[in-house]
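The exercises below go through one protein model element by element, each with a worked solution. Please keep the sequence and the coordinates open while you read.

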Amino acid sequence: MGLLAEFGELFLPRRCAGCGRENVSLCTACLQLLGGIPRAMEPRYGTIPVVGIAEYTSHLSHMVVDFKDNGRRDILDPLALGLARSITAALEMTHSSSGPVLVIPAPSSQRARRRRGGSHTAALARRAAELAPELRLHVVDVLRTRRRRDQVGLGARAREENAAKSQFLDPGTIGELNRTKAAEAGISILVDDFATTGATLAESARILASVQIRPAAAAVLGLGRGGTRFVSPFTV
Ligand SMILES: [Zn+2]
């Protein structure tokens, strides 16, 4: 971000990225959404459990969209801390609380990558790694999408078809993936902003299996109601 844009950020009137309330980056109520008790879901698709820290609500959705599409860097840290909490819970659930952890972000659309200069999920994961160094997260942004319609408004079957064969491994990043895997033979976790049926995450896991990477769990911010059931509530 250029200097002018930095100044612009200072002088723009702020609105809560979640609910639109004025003069605050994130109001207390919306910030509390990111501090919820982690929960796990058995997704409709795929076999890996998905952990989230909040229910997928419109306020949470607004936060992520504001960060992703409107350049709201002021909420990077709260979102990244939320993701770090979700990853921590996912590690506890899979009984692998000591790192290192290979973190694979879900792919953003090519259009979004170009506009933002990278994947917003990867940006969140990298910041989570900085804010929670004790977790020893190694983020490798290797997944790409070919073409992906927006998942919003699609039924469960359409989501599955939409996700199928829509992802691939970036050839330029596979070397980094192999080096990280060889150096740090820890567990792998998928991360994304939201999960509903788990179709996108299941496709990511399928693609990664082709290079012998089998994520133990997925960690997201918001969990939708598309899963079969909630499992093992955490006692934290
Ligand atoms: Zn708010």
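**Exercise 1: a strand with two faces**

In strand β4, Val101, Val103 and Pro105 point to one side while Leu102 and Ile104 point to the other, and all of them are buried. The model is a predicted one, in which local features need pLDDT of at least 70, side-chain atom pairs count only at pLDDT 80 or more, and totals for chains, interfaces and linings use all residues. Residues are numbered from 1 along each chain as its sequence is written.

Task: state how β4 (residues 101–105) is enclosed, and find which strands pair with β4.

Solution. Begin with the terms: a residue is buried if 20 or more other C-beta atoms lie within 10 Å of its own, exposed if 12 or fewer, and partly exposed in between, with C-beta atoms placed from the backbone. Helices (H or I, at least four residues) and strands (E, at least two) are DSSP runs, numbered from the N terminus. In a regular strand the side chains alternate between the two faces of the sheet. For β4, 5 of the 5 residues are buried, so the strand is largely enclosed by the rest of the structure.

Next come the partners, where two strands pair if DSSP finds at least two bridges between them. Strand β5 (residues 137–139) runs parallel to β4 and is joined to it by 3 bridges, with Val101 opposite Leu137. Strand β8 is also parallel to β4, over 5 bridges, and there Val103 has Ile189 as its bridge partner.

**Exercise 2: the neighbours of β9**

Task: list strands that pair with β9, and give the hand of the crossover that leads from β8 to β9.

Solution. Strand β9 (residues 217–223) has 7 of its 7 residues buried, and it is therefore largely enclosed by the rest of the structure. Strand β2 (residues 50–52) runs parallel to β9 and is joined to it by 2 bridges, Val50 standing opposite Ala218. Strand β3 (residues 54–55) likewise pairs with β9 in the parallel sense over 2 bridges, and Ala54 has Gly222 as its bridge partner. Strand β8 (residues 187–195) is joined to β9 by 6 bridges, again in parallel, with Val191 opposite Ala219. Between β8 and β9 the chain passes through helix α9 (residues 199–209), in a β-α-β crossover that is right-handed (with the strands pointing away from the viewer, the path from the first strand over the helix to the second runs clockwise).

**Exercise 3: the core and the crossover helix**

Task: say which residues touch the most other members of the largest nonpolar core, and then describe the surroundings of Ala218 and Leu208.

Solution. A nonpolar core is a set of buried Ala, Val, Leu, Ile, Met, Phe, Trp, Tyr and Cys residues joined through C-beta atoms within 7 Å. The largest one holds 64 residues, of which Leu83, Ile87, Ile189, Val191, Ala218 and Ala219 touch the most other members. Helix α4 (residues 76–93) contributes the largest share of this core, 8 residues.

Two residues are in contact if their C-beta atoms, placed from the backbone, lie within 7 Å. Leaving aside residues up to four places away in sequence, Ala218 touches Ile48, Val50, Ile189, Leu190, Val191, Asp192, Ala195 and Leu201.

Leu208 lies in helix α9 and counts as buried because it has 21 C-beta neighbours inside 10 Å. With the same exclusion of residues up to four places away, Leu208 touches Ile104, Ile213 and Pro215.
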